[in-house]
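Student: I have a structure open and I'm not sure how to read it. Can you walk me through the main features?

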Amino acid sequence: MQMVRKAVAVVLASLALASPVLAETIANPVAQFSGLDKITGRITTFDVYIDETVQFGALQITPRACYTRPPTETQRTSVFVEVDQVSLKGSIDRIFTGWMFADSPALNAIDHAVYDIWLLDCKQSSDVPPPAADTGTGG
């Protein structure tokens with residue numbers, strides 16, 4: 001019985017060594033996007049803090065999470081983002097919810113007639129000041 005336990009321990013140890021190590025992800029407070037206005041041909045690069053909503057033309061972009069990997073790992077930069085379209089009448093419709101990847105911008109692209117938006121990077125800081133904290137004073 002002791003030989004069986006030793007054999008099982010050796011097998012388990014070898015499986016632990018052979019299993020792939022999952023790359024550590026780094027949560028970042030800032031997502032950096034580029035946006036193309038197809039009418040003017042102008043490309044704009046902009047930073048957005050996590051859970052902040054910014055307006056790009058008729059679109060509102062709200063990143064919920066932005067992840068990178070350590071420099072020693074294969075890079076994979078991804079953002080979970082919600083994109084809403086504001087109509088001329090003021091109604092808001094969700095046109096995209098999901099993951100975008102910096103290394104594959106067309107994988108989950110925003111399908112819009114006038115605007116293209118894609119993820120460039122996730123960052124720890126930005127030159128743009130963070131959104132003001134809600135003080136709850138109502139005034």
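Tutor: Let's go from the overall layout to the links between side chains. One thing to keep in mind is that this is a predicted model.

Student: Okay, how many helices and strands are there in the protein?

Tutor: You'll find 1 helix and 8 strands. Follow the chain from its start and the order is α-β-β-β-β-β-β-β-β, with the helix coming ahead of the strands.

Student: What share of the residues is buried?

Tutor: Of the 139 residues, 30% are buried. You can look at the outside too: the accessible surface is about 9,200 Å², and carbon and sulfur atoms account for 58% of that.

Student: What about contacts between residues at least 6 apart in sequence: what percentage join residues at least 24 apart?

Tutor: That figure is 48%. Now let's see some particular links.

Student: Sure. How many disulfides does a search of the whole structure find?

Tutor: There is 1. Cys66 and Cys122 are the partners, with their sulfur atoms 1.8 Å apart. Cys66 sits in strand β5 (residues 59–68) and Cys122 in strand β8 (residues 115–123), so to speak two distant parts of the chain, 56 residues apart.

Student: Which hand does the link of Cys66 and Cys122 have?

Tutor: Check the angle about the S-S bond: at -85 degrees, the link is left-handed. Both Cys66 and Cys122 are buried, too.

Student: Next, salt bridges. What's the general idea?

Tutor: Side chains with opposite charges can pair when their charged atoms come close. In this structure there are 7 salt bridges.

Student: Which residue forms a salt bridge with Asp51?

Tutor: Arg64 does, and the closest N and O atoms are 3.0 Å apart. Asp51 is in the loop between β3 (42–49) and β4 (54–56), whereas Arg64 is in strand β5, 13 residues apart in the chain.

Student: Are Asp51 and Arg64 buried, exposed, or what?

Tutor: Asp51 has a relative accessible area of 48%, so it counts as partly exposed. Arg64 is partly exposed as well, at 35%.

Student: And where do Glu82 and Arg64 lie, given that they also meet in a salt bridge?

Tutor: Glu82 is in strand β6 (residues 78–86) and Arg64 is in strand β5, so their pairing ties together parts 18 residues apart in sequence. The N to O distance for this pair is 2.9 Å.

Student: Why does Glu82 count as buried?

Tutor: Because its relative accessibility is 14%, and buried means under 20%.

Student: Which residues are linked with Arg64 in a network of salt bridges?

Tutor: The network holds Asp51, Arg64, Glu82, Asp84 and Arg94. Try finding each of them in the 3D view.

Student: Where are Arg76 and Asp103, and how many residues apart are they?

Tutor: They form a salt bridge, with the closest N and O atoms 3.7 Å apart. Arg76 is in the loop between β5 and β6, and Asp103 is in the loop between β7 (92–101) and β8, 27 residues apart. Arg76 is partly exposed at 31%, and Asp103 is partly exposed at 46%.

Key. Residues numbered from 1 in each chain as written. Predicted model: local features only at pLDDT ≥ 70, side-chain atom pairs only at ≥ 80, totals over all residues. Heavy atoms only, no water. Helix = DSSP H or I, 4+ residues; strand = E, 2+ residues; numbered from the N terminus. Buried < 20%, exposed > 50% of the residue type's maximum accessible area, 1.4 Å probe, protein only. Contact = heavy atoms within 4.5 Å. Areas by Shrake-Rupley, 256 points an atom, 1.4 Å probe, with all protein chains shown as cover. Disulfide = S-S within 2.5 Å. Salt bridge = Lys/Arg side-chain N within 4 Å of Asp/Glu carboxyl O.
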